[in-house]
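Dear colleague,

Please find the structure below, handed over for your consideration. My notes on its charged side-chain pairs follow directly after it.

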Amino acid sequence: TTRQASPGPSSEPSMVARSPRSLAARSLCTRAILTVRDLLASKRSSAVKFVAADAPVVVAAQQLTNNRETALIVKDPSTRRVVGLLTQGDIVRCLASRLTAENMSLQTLPSEAAVGWDDEPADPALGMVSWDVPVSCIMTPTEKIVYLTPGDTIDEARDLLATCGKRHIPVLDGSSFLGVISPMTVLRCLSPAGGRSAKDAFVTTVMPRRGVPQTTQIDQPAEGEEAQQRLAITPAVCNLPHPHKGTAGEDAYLLGPQLVGVADGVGSWWEGGIDPAVYAQALMHASAGECAERARSGAEQRPRKVLEAAWRATRKARVLGSATICLVALHPSKPELIAANIGDSGFLLLRPAHTASPRLGTLGVAAQGAAPSSPEADGQARYSVAFRSPQQLRSFNAPFQLGLAPDSPEEGGDDRFETPQDAALVRVPIEEGDVVVLATDGLFDNVGEEEV
């Protein structure tokens, strides 16, 4: 393998030979200087794959399979303008929203029943999934797409994947799409063969790990053992509204034995004569009602499910306003915290410093520079940040939010607001003695982590 050396002031360009192994070592040691352009170059094919916005889902699924792709750029067939991004996950969610336990056959719905997966589900009486649903109904529209540029570094690409929680990010050069980056693209670029042939790599890496033993079983806890494995939440709350507001503030909270939550009403609703606290309170009341119903039926307290039910309840009641929201619960049988978050509310997981493991991000990657908490009298930090939940922002000071405006349609979506499908979902290991600080941006925007 060769590269052209940069010429000196009086030298001619020359070709410097480097072995594949030395290039692999260099790429690992200087990963920060690798760019998104390098990631695109490492892909099997550099051609950008498109699908028309009016194409049925089945055509998009076939195109993904035939091209061995996981995402497609969606274009307007008449103008060739890019209008969105379609991923395998979008297709799966479309299928799941239209399947019912009563009818497991594939049927074609009338065109008027074809709605996106983030809208109200189709009436089960109308049938099942429709392969004729146009791609435009289930894609991610351009206004919700985050993108990279060719000059961004590989670390910037990794950080963007972790922060926004997306698995596919397009690369944009001016007004041209160059391709789509995924976590697999990053891994392939960071894991070169190190001078081995493809056959050697397969023999030493894949073959020893291929094939699951036929005696493999699901590790189910014995009866009664599950309850012994459970941790318990000891909740407490503190609400400190801004002293100049003259009200109890726009925040609301939910304290339960298995699930806790916070919601932050968006203050700009005051300008329209709407109390922002009402929507936040309605979300928390609806969440509490759903928790009680799930407890009566023996269902698990899943934040995503509770969030979905609370959102639908507020829409049905036509509660006006909008809010960010974060719901956190314990896994029913594992030492894990599970959460669903919309916007810039969130949580910190604090761990006693003497047992603290490296801080984790949303991709489970140890972060650098973990800051311990303020020292005690003996100079030793009491807690360290083991995890921080991701925030979701449309732009500066414009977080993701659930909401309903006076002119919002009774059926279908409203582009001004998000839905529970947009929630950032988190699962993180926890230990006895951990402290979870769940709060709105009123805390995180004004109090540093060391102070917390």
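Glu308 is buried, its relative accessible area being 18%. This is a predicted model, and the value for Glu308 falls below the 20% cut-off under which a residue counts as buried. The side chain of Glu308 forms a salt bridge with that of Arg312, at 2.8 Å from N to O. Arg312, by contrast, is partly exposed, with a relative accessible area of 26%. Both residues belong to helix H10 (residues 303–316); because they are 4 residues apart there, about one helical turn separates them.

A second pair involves another buried glutamate. Glu336 has a relative accessible area of 18% and is buried. Glu336 makes a salt bridge with Arg427, in which the closest N and O atoms are 2.6 Å apart. This pair connects distant parts of the chain: Glu336 lies in strand E12 (residues 336–342) and Arg427 in strand E18 (residues 424–429), with their positions 91 residues apart.

Salt bridges with shared partners also join Arg351, Glu431 and Asp434 into one network.

A further pair is formed by Arg302 and Glu300, whose closest N and O atoms are 2.8 Å apart in a salt bridge. Here Arg302 is partly exposed, at a relative accessible area of 27%, and Glu300 is partly exposed as well, at 38%.

As for the overall count, a search of the whole structure finds 14 salt bridges, among them the pairs Glu308 with Arg312, Glu336 with Arg427 and Arg302 with Glu300.

Yours sincerely

How values were computed:
Residues numbered from 1 in each chain as written. Predicted model: local features only at pLDDT ≥ 70, side-chain atom pairs only at ≥ 80, totals over all residues. Heavy atoms only, no water. Salt bridge = Lys/Arg side-chain N within 4 Å of Asp/Glu carboxyl O. Buried < 20%, exposed > 50% of the residue type's maximum accessible area, 1.4 Å probe, protein only. Helix = DSSP H or I, 4+ residues; strand = E, 2+ residues; numbered from the N terminus.
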